[in-house]
There are 2 protein chains.
Amino acid sequence: MRTDPDLRLLLVGPTEVADGLLGALDPTQRARVTVRPVRAAVGMADHPTAARGESTVRTAVQAVQDGFADAVVSAGSTGATVTAAALGLGRWPGVRRPALVATLPAVDGPVVLLDVGGTLEPGPATLARHAVLGAAYAAVAHAVAAPRVGLLSVGHEAGKGDRLRRAADPALAAVPLPCGARYVGLVEGYDISLGTRVDVVVTDGFTGNVLLKAIEGAYAMAGGPPANGGAPRAAALLGVAGTVVVCHGAAGPDDVASGIALAAHLWRRDAAGTVRALLAEIPHDPAPDRNDTEVAP
Amino acid sequence: MRTDPDLRLLLVGPTEVADGLLGALDPTQRARVTVRPVRAAVGMADHPTAARGESTVRTAVQAVQDGFADAVVSAGSTGATVTAAALGLGRWPGVRRPALVATLPAVDGPVVLLDVGGTLEPGPATLARHAVLGAAYAAVAHAVAAPRVGLLSVGHEAGKGDRLRRAADPALAAVPLPCGARYVGLVEGYDISLGTRVDVVVTDGFTGNVLLKAIEGAYAMAGGPPANGGAPRAAALLGVAGTVVVCHGAAGPDDVASGIALAAHLWRRDAAGTVRALLAEIPHDPAPDRNDTEVAP
């Protein structure tokens, strides 16, 4: 509210929590805040489909559907947010599995990592589709020219990796990429932090999620993140028809603020619409990956 | 050679490389070095089974079999080293899948992470077996009392994770653990670096490998590892009948030295024999996990 005078907030949650926040704002800022009282939240231990009923995340998504809000920011259960967004806003054509996309600072500019928890068990076709999403996102959201796209594995030599990686490597090599992007093959864990070989790192949501948190832990161990920013505390959800940002479950005030700033940045660039349009030009395999998990539990 | 006067080295590799190393030593140290000239090395891009023929790694393993050496240290292809060690030294009874074990410095003492690349696609039974191995290793190699063992996932609430984690969680909860260890349930990426919730983190070899390299990259980004040491550059291979240490493929002189020091430490404690004996007391499911990958490619 302080750094972005054009921002208006719709708070969805228990009244007393909203009141605490409103009390910390001056009258001018308060005029830019609306409250929609909802008591039921989907807990971290609940099944994601609990978000189908009346809940904070479902109500927030509904507000976007109804045109009362332009974007959703949630620091709640990732699975519940992905489920509510996919059901409420709908998926893009040709994207069965949404991806959570995080941007990490690296030596040679930002590195886009996906998926960090949207789809825990993708098949090769979904990884190839996510490569397209990631390339478009790097170009649209971060103005990366001709993004280099890599597939995360245990070595950079062809053939390294488990069955999923060995099947996905040729799938990524074959898929046409937007924005002048090119596939550089297999990359390794340190390429995410260094960014010298790659701008977009594709992996399954399980690996991406634990990786992101491990990097966060390493920065904490090293006495704090590097000067240009540490592990991101917010990720964009790509593949649903709207702007949705998921914050870390343990997010503090600064993290939620950076999540809101990311949502505003993406909405102002029409990142979702532009990425969706770029995606529509890329042919894809209409057969879904059968072993995909519907959403993150 | 300088820090450990009791150490004797058997160098296995091309003569000219050995000569370069010998030239850097003084005559007393040189007397502690033997050279076994072997030209053929298994390349990083070769299939691991290339290690079956005459090669540096196979020759080094043979030297242990023949009693000429007590331990093998390799900075070559992980898959080739695991294959050569499993074939040459044999696997422990009840361990179909060896595990590479890395020790990370954490806020509250060392954290043992396994597997970091020995078995890329374990099933739940293998993960449960690796939990036993990790607990015994933490106690034997690092004197951790009553180790807390966790399963890496995307959240700590029960039910979080992909199908492998959801199947492995009850398997780990059911397995008896040695050395007073107890299973604490699901842990997350940052628990590896912080170590406040867990001493032993169990995961598949794919995730562990990319995770370890991501942590290494994060430390490089943060301007260097923390004072008490960064990401380990050497890992112990558990499950084969002998002391085997695998160094990072991009290991420098200090990294190889720390790998040799780790091998000497483990051999002097008879870590392999002690862990094996502890393992023998734990009942296990004789049915192998069918989807295990034989060795890391």
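**Close-up views of a predicted model**

B:Ala146 sits in the loop of chain B that runs between H5 and strand E6 (148-152). That is our starting point in this predicted model, and the legends below take you through several more sites.

**View 1. The loop around B:Ala146 in chain B.** Take a look at the backbone here: phi of B:Ala146 is near 45°, a positive value in a residue other than glycine. Is B:Ala146 buried, exposed or partly exposed? With a relative accessible area of 41%, B:Ala146 is partly exposed, because the partly exposed class lies between the 20% and 50% cut-offs.

**View 2. A second positive phi, at A:Asp270.** Now move to chain A, where A:Asp270 is found in the loop joining helix H9 (253-268) to helix H10 (271-280). Phi is near 50° for A:Asp270, a residue other than glycine with a positive value. A:Asp270 has 45% relative accessibility, so this residue counts as partly exposed.

**View 3. Cis peptide bonds leading into A:Asp115 and B:Asp115.** In chain A, the bond from A:Leu114 to A:Asp115 is cis, and its omega is near 5°. A:Asp115 belongs to the loop between strand E5 (111-114) and helix H5 (124-142) of chain A. Turn to chain B and you will find a cis bond from B:Leu114 to B:Asp115, with omega near 5°. B:Asp115 is in the loop of chain B between strand E5 (111-114) and helix H5 (124-142).

**View 4. B:Ile192 and the largest nonpolar core.** This core has 86 residues, and those touching the most other members are A:Ile192, A:Val201, A:Ile215, B:Ile192, B:Val201 and B:Ile215. Which residues are in contact with B:Ile192, once neighbours within four places in sequence are left aside? They are B:Leu104, B:Ala106, B:Val111, B:Leu113, B:Leu152, B:Val201, B:Leu211 and B:Ile215.

**View 5. B:Val64 in helix H3 of chain B.** Helix H3 covers residues 56-65, and B:Val64 is part of it. B:Val64 counts as buried because its relative accessibility is 15%, and buried means under 20%. Beyond residues up to four places away in sequence, B:Val64 touches B:Ala69, B:Asp70, B:Ala71, B:Val72 and B:Leu89. Look for B:Thr243 as well: 179 residues separate it from B:Val64 in sequence, while the C-alpha to C-alpha distance is 8.8 Å.

**View 6. A:Arg197 and its contacts in chain A.** You will find A:Arg197 in the loop between helix H7 (189-194) and strand E8 (200-202) of chain A. Its relative accessibility of 31% makes A:Arg197 partly exposed. Not counting residues up to four places away in sequence, A:Arg197 touches A:Arg148, A:His156, A:Val184, A:Leu186, A:Val187 and A:Asp191. A:Val33, 164 residues from A:Arg197 in sequence, is 44 Å away in space, C-alpha to C-alpha.

**View 7. Stepping back to chain A as a whole.** Chain A contains 10 helices and 10 strands. Its radius of gyration is 19 Å, close to the 19 Å from the globule rule for 297 residues, so chain A is as compact as a globular protein of that length. The C-alpha trace spans about 60 × 45 × 35 Å along its principal axes. Of the 297 residues in chain A, 59% are buried. Among contacts in chain A with a separation of 6 or more, 72% are between residues 24 or more positions apart. For the surface, carbon and sulfur atoms hold 55% of the accessible area of about 11400 Å².

Terms used
Residues are numbered from 1 along each chain as its sequence is written. Chains are lettered from A and ligands numbered from 1 in the order in which they are written. This is a predicted model: local features need pLDDT of at least 70, side-chain atom pairs count only at pLDDT 80 or more; totals for chains, interfaces and linings use all residues. Side-chain values use heavy atoms; hydrogens and water are left out. Helices (H or I, at least four residues) and strands (E, at least two) are DSSP runs, numbered from the N terminus. The radius of gyration is taken over C-alpha atoms; the globule rule is 2.2 Å times the number of residues to the power 0.38. Buried means under 20% relative accessible area, exposed over 50%, partly exposed in between (1.4 Å probe, protein chains only). Contact means heavy atoms within 4.5 Å. Accessible areas come from the Shrake-Rupley method with a 1.4 Å probe; for residues, only the protein chains shown count as cover. A nonpolar core is a set of buried Ala, Val, Leu, Ile, Met, Phe, Trp, Tyr and Cys residues joined through side-chain atoms within 4.5 Å.
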